[in-house]
Structure formats: C-alpha cells, structure tokens
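Work through the exercises below with the structure at hand. Each task is followed by a solution in steps.

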Amino acid sequence: MRSKALVVVLLLCIGIFQLGLTIFPTTVSSGTLYVGGAGPLNYTAIQDAINASNPGDTIYVFNGTYYENVVVNKTLTLTGEDRLASRIDGGKNGIVVNITAEWVNISGFTITGGGIAVEDAGIKVDHADNCTIANINLFWNSGLGIHIFHSNGTVVSDTNLSLNGHTGLGLSSSYNNTIHNVTITESSIYAVCLDSSGYNTFDNNTMYTNTYNIGLLLSDNNTFYDNTAHTTIFGFILRESNNNTIAYNNVSDCSQSGLVLQDSDENVIDSNNIHLNRVEGVILGSSENNVVSNNTVSNNGVGIRSIGSDHNTITSNTLSGNTIGIHLNTTQYSTIDNNTLSGNTNESIALVTSHWNAIENNTASNSIVGINLDYSDNNTIVDNNASNNMYGIFLWTHSNNNTIDNNTASDNLAPGIYIRDYSNENRITNNTASNNDNGIYCAYESNNTTIVENNFSQGNRVGIRLYDTGYNLIANNNVSSNVNHGILILVSDNNTISKNEATYNGNDGISLQSGHNNTVVENNISNNSNGIYLLNSFINHIVGNKVLRNQHGIYTVISKKNTIEYNDFSLNTGTGLYITSSRFNTFARNNVSSNAGYGMYLSFSWSNTIFHNNIINNTQQAFDDRDTNQWDDGYPSGGNYWSNYTGVDMFSGPNYSLPGSDGFGDTPFVIDADSQDRYPLMSPFPPITPLAPSPTNAFLSGLGLENVTLTWSLSPDDGQQPKSVVRYDIYGNTSYNAEGTGYPYLASVPNGTAQYVDVLAGEGDPNNYFYRICAVGIDNSSRCGLQQLSKFTRPLGKGQNLISIPLQQSDESIGMVLQTVPFDRAWYYDSSDQEWKSLVTTKQYSKGLGTVNLTMGLWINVLGDSNLTVAGLVPTVTVSQLYGGWNLVGFPSFMNYTVGDLEAAVAAERIECFDALVPLYHLKVPQGSDPLLAGHGYWVKVAGNRTWILSNA
C-alpha cells in the first residue's frame, strides 16, 4: 500500500499558504448543530451530529473530551470551542478524524489517540479535495498526525503536531495543497513526508526534534519557502524528486545533513540559511541539473557536497566556517561560480575524481586550501581569487589537463598555485600571485605543465619553483620583486624557460640547481643579485638572454657541459660571468660588456671553452686561476673580441706565418701567465644577432582598402651597438607556414622604421598573404618576429553565410571588422548565457552584438556577392571556452586540422558546418576527415564545459 510506503520511505515537502474562507458549492444549505454543552438539543457525540447534519452545516463542539473515531463524509464545517479544551481522543485506535468529503473545514480542536497502524492518523483527508485544517493540535497519534491521501487543494494552517508516532504530516498522491504556519515536533520518523505528490506549497512552517524533518519520494514541482527545520538527523531529503524549489528556509542543527538530494534532478535550492549541520549542509547524490544558489552555508561539516552528480550549478552562495566549503566527488560538467568562501577549515573548494567542471569567479580565502583538485582532469579554474589561505590553488595527485587561467592567488602562506604528484599537462596562464611562499610550485613528476603569461611578482619568496619535474614550458611570465628567486629549477630536467621578465629579485633571477637539459632562452633578467645561477647542473642551454644590471650576470658552481651562448651579460655591478668549480662548459657568442668587476671570472674551473664572445669595457676583462681552460676555438674559428686588445692583424694562419690579415690579432691576448686567447678577434663577433621586432598590427588601407599596412615595435637593438639593427626585411607568402620557412623576400625599410605598405595586396586581391618582419644587424645576421601578420580573404555569396574572423583585430567593432561586406543583419549564439545576440544595420541599436572576435562563428545576411577581407595578427594560440550544449565557434587557424581533430579535442557530440545548398538552415554534418577552414564558422555540441586550445604552430 502507498500509505505503508509513506512511512517506510518518508520524504517531505514545503507549501504556500492560501488565505481566505472555504468556498462551498452553491447547492448546499447552511445550519448549525451543537455537540456537548448544556443545550437541550445538543448532541453528545460528534459522529451523531455529523450523521444528522446536512451538507453545508456547521457543527460546533463545546469543550470536553470526546472519545470517538469521527468520519466526516459530508461537506461540513467542524469547529471546536477552544483549541486546547475541545479534544477528540481515538483511544489509540484507527483514524481519529477521517475526512472523506470535499470542502470540509475543521478547526479548534486537540486531536489525539490515533492508532498505530500505518493507515492510522489523527486526521486523514481521504480522496477529498479542497478541505481546510486550521488551528488544530495533534498530539500522541501513534501513526500520522495528518495524512492527506489522494486529495488536492487542502489547506493546513496554524496547527501544531507533536509526539506523533510515525510522521507529523504526510501527503500521498496529493497535489496543489498548501501547508502554512504549522509547527511539527518530536515525530518518531518524519515531520513532513511527501510520496508521489506534486505542486504543493509549504511556507512558514517550523519543524524540530523530529527524527527527520522533510522527505520527498517521487514528488515533483513542490515549493518550500520560509520554513525552519532544525534539530534532526536530516533537514530535507529528496529522493527521485524533480523540479522542486527550496528557498528562503532555515535548516540547521542536523546530526547528518541539512538538505539531501538523491536521484533528484532540476531542483532549485535558493537563498536558504543552512548552518550547524554536522556532516553536510547540502549533498547532491546522483542528481543532475540542479541549481544551488544564493544560500548562506555556514558551520557545517561540508558546506555543499556533490557525489556522482553531473551538470549541476553551484552559484552565488556564501560559505563560511565549514570543514570544506564545496566538495565535488566523481562529479562532471558542473559549474561552481560566483561563490564567496571564507574561513572554511580545510578547503574552500575541493574536487576529487571530478572532471570537466568549471570553477569560475569564486572568492576562496582563510582556509588551508582555497581550491583543491585531486585525481581530477580537464577542469577549468578561471577568474577566481584564492588568497589568504595556506595554499591558494592546489592540484594534488594525478590531476591532468586542467586549465588555471586569470586567477589571483596572493597572500597565501604556502604556494599561490601548487601542482604536484603526477599532475601532468596542466595549463597555467594569465594568473597573478603575490606575497606567497611561492607564486607557483610544480613538483614531484608533474610534467608537461604550461606556465605562460602569469604575473608571479611582488613579495613571493620564489616566483616560480620547479622540483623533480620535467618537460614544462615557462614563458612570458613576470617574475619580479620576489624575496629570493624569480624562477627556481630544482632537480628538474628538460624544461624550457623562455621570454620571462625576471627583475629586482632578492637573490637569483633564474636559478638552476641539480637540473639537466633545461633551456633558458630570451629572458630579460636584470637587477637581481645573480641574474642566472647554476649549481650542480649539467647539459643546460642558456641562450639569447639579456642579463643586465645584476650583481653577477651568471654565477656557475659545480656545473658542467652547459652551453652559454648569444647572451648579453652587461652593466652588472659585479662580474659578467662568475664560474667556479665548473668544467666542460662552453661560453660562446655572448656580449660581456661594461661590468663593474670582471667580465669573466674563472675560479677552480677547468676544461671550459670560451670563444666568439665580445668582452668589452669591463673594469677587469677576465680572470682564470687554472691553465686548462681554452680561451679560443682554434684556427680558423678564432677566439674572443677584447676591447682593450692592442695587437695588429698583418698575418694569417695558425702560427701567424702567412702574409695578409685574417681577422685575428697576430699576438695572443694575455689573461695571465698561463691563460691566453691565441686568436683574439679584431672586431666584435658578427653572429650576435639583434633581438627581433614585435609585429603589432596589419590593416587595410588606401582609398578602396586596396593596400595592406604592416606595423611593428622596433627591435630593442635598433641603433644599439654591438647588435645594431640596420634595417628590417619583410618576407611574404600566399600560404601559411608556422616557421615562415621559404617565404619570398618582399622589401626592406631602414632602422627606426616601424611600418610597411604592401600596395594592392588588400581588398580586390583574392590571395591570402602572410608576412614576417625581421631585424637585420650590422653583420647581416637577422632575427624575425615570432608572430606573423596577415591579410585574409574569403568570397561570400548573396544571402546567409556562416563566417569567422581568423586574425586578431586591433579594432573588433563589427562595422570595422566587416567593412568590406555589404550586409543588413548579423547574429551570434552566445552559449555562455544561451542567448542569441544580433545586429540589424537599419536600426540604431544592436541586441548585444557590437564586437566580433576570432573565437566566434557569425551568421550574416550578405546583400550581394562580395569578399570578407580582414588584416591583422595571426594568433599563436587561441583559447575558446565551450559550454554544455551547442556552441557557435570560429576557426582561427591556418594549420591542417580536421573535424575529427576537433571531435577528439573537446569530446564533441556533433559538429555542423555551412552548406549554402542545404535548404532552410544551410547546415550539414561533415565527415571526420573533412578539414576545418579558416574564416568559416561551426556549430559544436558538447556534453559539458570544455576548453578548446587551437594553435597556429
């Protein structure tokens, strides 16, 4: 029987109060019958009065105790004289008041003594609609206090239920009922239980000291608001119950959990105060598409926990004083955003074995860990503030392929970002971390991490630290003004440290200790104690760095077989290169100039090779206390250029025995009694190439936009000796190559020039063009900017077209981007908020579509055959955020990339592309082997949030 299931399963709901008198059918009459009291015609039993009444009558019951079981089988109003003194006692047998007729009103009684069977109750509304129960006390009923059974439209208000044996108030297969201002205490099992009941409203009720407070089973579309549920085992339990709303409730002091959702979907838990629950405030178990929002969740065990529950949204909550704020376990495709978490003891946000989730715009502070991932992959952690914790953001143990982007992790006692224990292939980009122990710490075989374009500066003990990890990329970061080291590499191999700004650190700009096969290339390292420090490090490559104004440019201790070349060690207050207890290193093609101490200082070091360096205007040019270091590369390669060399070049040959100059001095440059450069260079060594220019923009120019204008930032070596730029060479091609290999020469412009116009290459020329800008030095050596400029053209037919912009634009306003296309409408689907944004050119406003960037696919209605022609920067890497469902994306790449590649990259469920010949929607499903095309847009359906990283390299 369902009534038995009600007691066994026991689940509850909340209701909305409906004020007003019961409206009777117009066909009933109205009279009053009296029970008890001194009236000569009064009945002595309530049932007798009911039996004698007519539908619509009122039965008034005077104070007294009536030992009977009442069946109300007519439309009546049953009223007690006094709620406390008018008592109906069922003698612990059966149902005390059984309502089987519609439109019954009962009020003003104390009802007690219901039987112990699961069908028994103080009041049962049985297949009777539109009844009202008000101002009632229901005590000591061994079954249920009130049971609403297959009945709709019931209103229960201003009623107290206490010490009832099974459940205070139960609903079975009942709908559209309202429970208002009811107090339920000390029920043996549930205060409120709903079984297969929906569209009921519970409001302003109070429940406490029941075994469980509210339970729902197979009950959908109920509303609970402004209720108080405390001092119990569970506040709410929803089991297989969907589309319910639980809002503005106070749920506290549960020995287990405040709100439990099990196998329940699409519920809303909003604006509740959930506190002092021992195990969890809210727990989602195998439940999907729920929204937990705007709640205050404090001083629970776990504030909000999700176990095996996907596609949920946890947003805009305030969580404090919990052991863990938000905990995701075996959870996927969920969003945690805009929450404020403070003072949660262990973690503010914790993910365990949880994948493809989005952690965005949260504030996590004053915990041991702000955001913690363990065995969790492919999550995005974006735009969060994880500060004032022990650890800011922590990837702990086998957490792979996560994206950590644009977060702030500052003032943490340990690392701002910590990645350890086999957590591989994570991407750390655009974050700010200051005043931490380490800005970022990557350790214990956590390999292939990308650490790019972060700001790890201002007061960290170390900006970036690597320990026992390899194959990581550290590039374009600011690691300045840290207490000790900018970048510290410990016991770590095969890492690349490139293009970082490491300045004003208290100790080393970049420090390699016990590391092998690392590459340190093109970093700006200045105003540190040591620019670069090598300790017990072998076979590393130090190439193309600017190491200026440090105490020592490079300090090498107990290190061997390293290659240090093409660096600029200048203007340091101590020594340019300080080498001690090191051997078998090669120092070549470096600029060592204007250092206040020695240019090069070798102490207790042997078997090093030093050649083709420019050693210029140092206070002391060199020192060497051993006789086994080789200060040249033999003949005919030669030695170093010494600015204070006074010899002449009149002879050639290894023994200066042949007539004619060969570019080497005829006498050695003497360093000391046992060290000399046998073949000193007469002029600075040419292969010190200038630093590259930085391409900034390309745009269409000329009267009909027929030209392409290229602009760039000048090389830092423009006009500066000894790597002075004398000109810029421009190369261009109609097809793309990531390295620019084989691009034909187009033109040259003199140094100091940062612009070139490619005439008639713009609108009207059907070709695509790709450009490289190269700085050329005084010796004709050159270095090209890494990023390319381009002009792109795609023909468009009249009517609807699905396009994208594959180049980075300096002005993304839609009118400028589409200046070559006559169109009257444009529209874009923004998957982040699942809304269409549009522009109609005949109107003076746009519906949200004012700019176009290279991640967007864009529908446009073209008024006539034309060209989409744009110019700009070729993006190196494009990061596109995809959201669960359909996404309209661009393809900003010129590499070979197929539909199958995209499917694999984002686990796409379906991809559709433009086909003008397909009627109505102009879309088709491409084959996996079909290439994606630059300038085209694509529909991509994914199951949950994804990050698509697309490279032009």
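The chain exposes about 34500 Å², and carbon and sulfur atoms supply 49% of that area. The model is a predicted one.

**Exercise 1. Overall form**

Task: Determine whether the chain is a compact globule or more spread out.

Solution:
- Begin with the secondary structure, which comes to four helices and 91 strands.
- Next take the radius of gyration: for the chain it is 40 Å, whereas the globule rule gives 30 Å for 953 residues. The value is well over the rule, so the chain is more spread out than a compact globule.
- Then look at the box along the principal axes; the C-alpha atoms fill roughly 150 × 70 × 40 Å.
- Turn to burial: 58% of the 953 residues count as buried.
- Finish with the contacts. Among those between residues at least 6 apart in sequence, 47% join residues at least 24 apart.

**Exercise 2. Charges**

Task: Count the positive and negative side chains and find how far apart the centres of the two sets lie.

Solution:
- The chain has 38 positive side chains and 79 negative ones.
- The centres of these two sets lie 2 Å apart.

**Exercise 3. An aromatic pair and a cis peptide bond**

Task: Describe the pair formed by Tyr635 and Tyr679 by its distance and angle, then place both residues in the chain.

Solution:
- A search of the whole structure finds 42 aromatic pairs.
- In the pair of Tyr635 and Tyr679, the ring centres are 5.5 Å apart and the planes make an angle of 55 degrees. Planes from 30 to 60 degrees apart count as tilted, and this pair is accordingly classed as tilted.
- The pair links distant parts of the chain, 44 residues apart. Tyr635 sits in the loop between β66 (620-624) and β67 (641-642), and Tyr679 in the loop between β71 (675-677) and β72 (694-701).
- Compare accessibility with the 20% limit for buried residues. Tyr679, at 6%, is buried, while Tyr635, at 30%, is partly exposed.
- Check the peptide bond that joins Tyr635 and Pro636: it is cis, with omega about 10 degrees. Pro636 also lies in the loop between β66 and β67.
- Elsewhere, ring pairs link Tyr533, Tyr555, Tyr578, Tyr598, Tyr601 and Phe623 into a cluster.

**Exercise 4. Positive phi values**

Task: For Trp140 and Asn448, give phi, the loop and the exposure class.

Solution:
- Recall the background: most residues other than glycine have a negative phi.
- Trp140 is not a glycine, yet has a positive phi of about 55 degrees. The loop that holds Trp140 runs between β10 (132-139) and β11 (144-149). Its relative accessibility is 55%; exposed means over 50%, so Trp140 counts as exposed.
- Asn448 likewise has a positive phi, near 55 degrees. The loop here is the one between β44 (438-443) and β45 (450-452). With 36% relative accessibility, Asn448 counts as partly exposed.

**Exercise 5. The surroundings of Asn361**

Task: Locate Asn361 and list the residues that Asn361 touches, leaving out those up to four places away in sequence.

Solution:
- Asn361 is in the loop between β35 (358-360) and β36 (363-365).
- A relative accessibility of 36% makes Asn361 partly exposed.
- The residues touched are Asn338, Asn339, Val382, Asp383 and Asn384.
- As a distance check, take Thr429, 68 residues from Asn361 along the chain: their C-alpha atoms are separated by 16 Å.

Conventions:
Residues are numbered from 1 along each chain as its sequence is written. This is a predicted model: local features need pLDDT of at least 70, side-chain atom pairs count only at pLDDT 80 or more; totals for chains, interfaces and linings use all residues. Side-chain values use heavy atoms; hydrogens and water are left out. Helices (H or I, at least four residues) and strands (E, at least two) are DSSP runs, numbered from the N terminus. The radius of gyration is taken over C-alpha atoms; the globule rule is 2.2 Å times the number of residues to the power 0.38. Buried means under 20% relative accessible area, exposed over 50%, partly exposed in between (1.4 Å probe, protein chains only). Contact means heavy atoms within 4.5 Å. Accessible areas come from the Shrake-Rupley method with a 1.4 Å probe; for residues, only the protein chains shown count as cover. Lys and Arg count as positive and Asp and Glu as negative; His and the chain ends are not counted. The place of a charge is taken as NZ of Lys, CZ of Arg, CG of Asp or CD of Glu. Rings of Phe, Tyr and Trp (its six-membered ring) pair if their centres lie within 6.5 Å; planes under 30 degrees apart count as stacked, over 60 as edge-to-face and the rest as tilted.
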